[in-house]
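Colleague: I am new to this structure and would love a close look at a single part of it. Could you pick one strand, start from its pairing, and walk me outward from there?

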Amino acid sequence: MNRKTFLKNLTVTAAGVSLLFPKKYFGQSTGVVTAETKPKPTGGKRAIILGGGLAGLYSAYLLKQTGYDVTVVERGENFGGRIATYQNPELGIVQDLGGEWISENQTDIKSLVKQLGLELVNSNIADRFSLTKANQEYHKISSTSIDTLDKVIDLHKSLGANQKQGLDKINFSSYARYQGLSEDEIQSMNDLYRIILGADLNQISSESVLDDLSALQSALKPKYQVKAGAFQIIQSLVSQLKGQELLTGETAVKVSQQKNQVSVELQSGRSLKGNLVVCTLPTSALLDIKWTPTLPKDLIYSALRMQTGKISKNLCFVKSNANLSNFFQNTTTAAETLYVSDLAMGSNITALTSISTGDKASLFEKGTDRQKKNLMVSALEEVGNLDLIAENPFHFHSFQKSTGRPGFVSLFPPGSYGIKDVWNEPFERVFFAGEHLALHTGSMDSAVASAIQAISKT
Ligand SMILES: Cc1cc2nc3c(=O)[nH]c(=O)nc-3n(C[C@H](O)[C@H](O)[C@H](O)COP(=O)(O)OP(=O)(O)OC[C@H]3O[C@@H](n4cnc5c(N)ncnc54)[C@H](O)[C@@H]3O)c2cc1C
């Protein structure tokens with residue numbers, strides 16, 4: 001079943017059920033039609049989902065809708081993976097520590113948020129960074145170069161596989177230089193894209209950037225965020241999976257496929273059996289698993305070719321003032337870029353967020369609290385005129401601690417042309433999903449799209 005038919009069938013099921021049940025039977029906070037509201041005989045079918053991030057939970061949710069009992073295995077103490085939200089209702093502050101911004105054309109995540117009865121609010125962050133002609137002065141990219149980029153993107157659409165493979169051998173910065181962009185312009189593009197990709201454009205295949213550029217352009221113009229934080233999506237999906245087996249603090253270490261079933265062994269020694277597995281683990285985690293039969297070579301090579309752009313967000317709390325509502329500043333320190341989201345402005349205290357990438361992000365993932373404080377303080381000194389509050393002035397977040405991997409988005413370096421495609425087909429009873437496998441990678445939208453893609457094949 002292709003993705004379109006699959007989604008259409010799900011909608012038809014949901015519409016059918018809503019005719020049968022009066023409104024009060026639907027979850028009040030979510031309004032979503034679930035197997036909870038209309039129990040379906042499962043026929044004993046069980047799916048095991050590896051990873052309890054967005055792709056994993058949404059896969060579980062879709063499988064439950066299609067009649068499976070599901071077991072979700074998450075190694076962290078909490079679900080959510082690279083989605084986490086800092087919330088302080090007393091101060092009136094909400095700030096996402098992982099996935100946050102959603103752009104207009106990210107339709108899969110937008111419709112999931114709507115389906116879950118959650119609210120999107122406008123985010124004005126894009127006014128502060130965007131690669132548009134209007135902002136060319138600020139970002140120092142000439143209109144001629146923007147025109148060149150537009151032409152290159154257009155041209156790319158008509159290229160054949162051979163030409164694309166050729167482009168894939170060069171990194172994007174070199175290609176942009178070849179197209180006539182100046183060093184300053186390339187630097188400006190790097191500054192912008194690092195916030196989204198966690199890496200420089202010179203680490204990425206020009207083919208992959210051109211393929212993704214329109215998606216990236218729109219990622220650079222995010223319009224929305226989830227009102228009470230992106231973690232609401234996770235909480236809502238978890239509550240939709242009530243009655244299913246949801247395991248946290250359990251690491252999958254072995255996957256063995258037999259003729260009619262697949263078993264998953266957990267580090268705790270527990271063994272799970274199911275009809276199929278959906279594996280949403282990032283590729284590096286996937287290679288830590290012992291597979292029987294072993295993973296096909298093309299999957300192993302593909303996993304080894306994918307790379308990650310490290311990205312870490314941390315908070316410091318300052319006294320609120322009106323100037324903070326548009327705050328967005330690059331610094332030369334490890335805290336790199338500082339910004340204030342609308343939801344992070346309390347009446348007295350505001351959470352200022354830092355985004356660090358690459359090696360700078362590693363300093364935040366690995367450093368002691370004292371070192372991290374020093375890094376934040378030097379960023380604040382560079383920005384000036386911000387009144388750090390005296391009590392608990394920082395909140396540091398480590399995805400390494402919660403998921404076993406630092407915060408990151410997946411990247412496709414030169415030589416990675418076509419490597420995603422090999423994950424489209426299941427490996428016997430194992431189906432693959434995760435942000436890194438969607439058509440356009442690196443976002444919450446990708447995680448949702450990858451789940452739809454994987455489940456439509458089951
Ligand atoms: C700092 C940061 C900022 C971001 N900003 C944005 C943004 O503004 N907008 C946007 O759209 N996206 C953003 N993203 C990207 C977005 O958050 C991710 O693309 C998305 O959440 C990935 O979901 P996933 O389910 O594919 O992977 P994950 O969330 O990584 O889920 C995989 C899960 O597998 C678990 N796991 C790993 N190994 C095992 C094992 N052996 N057994 C069991 N479980 C295991 C992990 O603990 C994890 O929970 C950001 C990411 C980061 C890090």
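Modeller: Let's begin with strand β2, residues 69-74, which runs parallel to β7 and is joined to it by four bridges. If you want one pair to look for, find Val-73, whose bridge partner in β7 is Leu-247. Please keep in mind throughout that this is a predicted model.

Now step back to the sheet around this pair. It is an open sheet of five strands, and reading across it the order is β7-β2-β1-β11-β19, with parallel pairing. At its two edges are β7 (245-248) and β19 (430-432), each of which pairs on one side only. From one strand to the next, the twist averages 15 degrees. So much for the sheet; β2 also leads us to the ligand.

The ligand is surrounded by 40 residues, and the closest of them are Gly-51, Gly-53, Gly-81, Gly-99 and Gly-407. Strand β2 is among the elements that give two or more residues to this shell, together with α2 (54-65), β13 (307-319), α15 (399-403), β18 (408-411) and α16 (444-455). Which element gives the most to the shell around the ligand? That is α16, with four residues. Sorted by class, the shell holds 16 nonpolar, 17 polar and seven charged residues.

Two of these elements, α2 and α16, also pack against each other, and they are worth a slower look. Their axes come within 8 Å and cross at roughly 35 degrees. The crossing in which α2 passes α16 is right-handed. On the α2 side, the contact is made by Leu-54, Ala-55, Tyr-58, Ser-59, Leu-62 and Leu-63, while α16 brings Met-444, Ala-447, Val-448, Ser-450, Ala-451, Ala-454 and Ile-455. By class, that contact counts eleven nonpolar residues, two polar ones and no charged ones.

Helix α2 has another partner to show you, helix α10, which covers residues 231-240. The axes of α2 and α10 come within 10 Å, crossing at roughly 30 degrees. How do the two helices lie relative to each other? Angles under 35 degrees count as roughly parallel, and α2 and α10 are therefore roughly parallel to each other. This crossing is left-handed, whereas α2 passes α16 in a right-handed one. To see where they touch, look for Leu-54, Leu-57, Tyr-58 and Tyr-61 in α2, which meet Ile-233, Ile-234, Leu-237, Val-238 and Gln-240 in α10. The contact of α2 with α10 has eight nonpolar residues, one polar residue and no charged residues. Notice that Leu-54 and Tyr-58 appear in this contact, and that Leu-54 and Tyr-58 also belong to the contact with α16.

Helix α16, for its part, packs with helix α3, residues 107-115. Here the axes are 7 Å apart and the angle is about 85 degrees, which makes α3 roughly perpendicular to α16. From α3 come Asp-108, Ile-109 and Leu-112, and these meet Met-444, Asp-445, Val-448, Ala-449 and Ile-452 in α16. By class, the contact of α3 with α16 has six nonpolar, no polar and two charged residues. Met-444 and Val-448 take part here, and both Met-444 and Val-448 are also in the contact that α16 makes with α2.

To finish, let me show you another sheet, to set beside the one we started from. It is an open sheet of four strands in the order β10-β9-β8-β12, and its pairing is mixed, while the pairing in the five-strand sheet is parallel. The edge strands of the four-strand sheet are β10 (271-274) and β12, each pairing on one side only. Within it, β8 (residues 252-257) and β9 (residues 262-266) pair in the antiparallel sense over five bridges, and a hairpin joins β8 to β9 through four residues. With β12, residues 290-292, strand β8 runs parallel and shares three bridges. A handy residue to find is Ser-256, which stands opposite Ser-263 in β9 and opposite Thr-292 in β12.

Key. Residues are numbered from 1 along each chain as its sequence is written. This is a predicted model: local features need pLDDT of at least 70, side-chain atom pairs count only at pLDDT 80 or more; totals for chains, interfaces and linings use all residues. Two strands pair if DSSP finds at least two bridges between them. Axes are lines fitted to C-alpha atoms, for helices over the stretch in contact, and angles run from 0 to 180 degrees between N-to-C directions. A residue is near a molecule or strand if its C-beta atom, placed from the backbone, lies within 6 Å of it. Ala, Val, Leu, Ile, Met, Phe, Trp, Tyr, Cys and Pro count as nonpolar, Asp, Glu, Lys and Arg as charged, and the others, Gly among them, as polar. Angles under 35 degrees count as roughly parallel, over 145 as roughly antiparallel, 65 to 115 as roughly perpendicular and the rest as oblique. A crossing is left-handed if the near helix is turned anticlockwise from the far one by less than a right angle, and right-handed if clockwise. Two residues are in contact if their C-beta atoms, placed from the backbone, lie within 7 Å.
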